[in-house]
Structures are given as structure tokens and as C-alpha cells.
Amino acid sequence: WLGVNGVDWHRMEPDVRLAYVEGFLAGAALGQAAAGARDSSEVRRAMEKLNQEGRLRFAFGANVYSSRISDFYWWKNHVPLPTWHAFLEVNTALGRPIADTLP
């Protein structure tokens with residue numbers, strides 16, 4: 001997944017892109033919620049709290065990210081960049097922080 005870039009993105013069918021984005025969002029949310037957790041119940045509570053408070057780092061739906069990443073890769077100079085970079089750029093454009101800014 002580290003090497004997936006715009007070339008790969010363009011080759012994906014729309015349903016594959018959506019599944020890829022959903023997997024990325026799930027992994028990002030899990031990573032954020034698991035930071036500092038000692039067990040799965042703490043992760044679950046953290047996930048619920050982050051979602052309720054609108055603090056998920058990648059807070060928008062998969063269709064939003066899929067569309068915006070396609071727009072990002074429309075630019076030929078972006079195509080060599082990995083998808084994780086595209087997610088960060090899109091998220092920043094949507095006004096979301098790269099890292100937690102709240103305690």
C-alpha cells in the first residue's frame with residue numbers, strides 16, 4: 001500500500017477505489033483511536049468519542065475522498081505521488097488537521 005500512487009488509482013474501477021478509500025478510513029480511525037489505548041474496549045470508546053465529537057482526522061465519507069483524490073490525480077505532476085500523500089493533501093484542503101490539535 002505504500003507504493004500505490006496515481007497510476008494505480010487510475011487503473012482502479014470505481015467500486016475498487018471506494019473499497020480502497022473505506023479501508024484507508026477504517027485504518028486511519030483505528031490508528032487514531034488506538035493511540036494510548038490499553039485494550040479493545042478503550043479503542044471502542046475512543047472511536048465513539050472521536051466520532052461523536054467530530055474529531056476523526058479523516059472525518060468525511062468515502063465518496064468525498066474518492067472524488068477529491070480523483071481530482072487530485074487529474075494533475076499529471078501528482079500522479080507519481082502515493083495515495084497516502086493524496087489523502088493528506090485532500091484532507092488539508094477540506095480543513096482537517098494532519099495531527100490532533102486538541103488534548
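Here a colleague asks a modeller about the terms used for this predicted model.

Modeller: Local features in this predicted model need pLDDT of at least 70, side-chain atom pairs count only at pLDDT 80 or more, and totals for chains, interfaces and linings use all residues. Residues are numbered from 1 along each chain as its sequence is written, and side-chain values use heavy atoms, without hydrogens and water.

Colleague: Happy with that. How do you know the number of helices and strands in the protein chain?

Modeller: Helices (H or I, at least four residues) and strands (E, at least two) are DSSP runs, numbered from the N terminus. The protein chain has five helices and zero strands.

Colleague: Why is Trp-1 called exposed?

Modeller: Exposed means over 50% relative accessible area, buried under 20%, and partly exposed in between (1.4 Å probe, protein chains only). Trp-1 has 68% relative accessibility, so Trp-1 counts as exposed. Trp-1 sits in the segment before helix 1 (6-11).

Colleague: And what makes Ala-35 exposed?

Modeller: Its relative accessible area is 59%, so Ala-35 is exposed too. Ala-35 belongs to the loop between helix 2 (14-34) and helix 3 (40-52).

Colleague: Nice. Why is helix 2 called roughly perpendicular to helix 4?

Modeller: Helix 2 and helix 4 (residues 62-72) pack at about 115 degrees, with axes 9 Å apart. Therefore helix 2 is roughly perpendicular to helix 4. Angles of 65 to 115 degrees count as roughly perpendicular, under 35 as roughly parallel, over 145 as roughly antiparallel and the rest as oblique. Axes are lines fitted to C-alpha atoms, for helices over the stretch in contact, with angles from 0 to 180 degrees between N-to-C directions.
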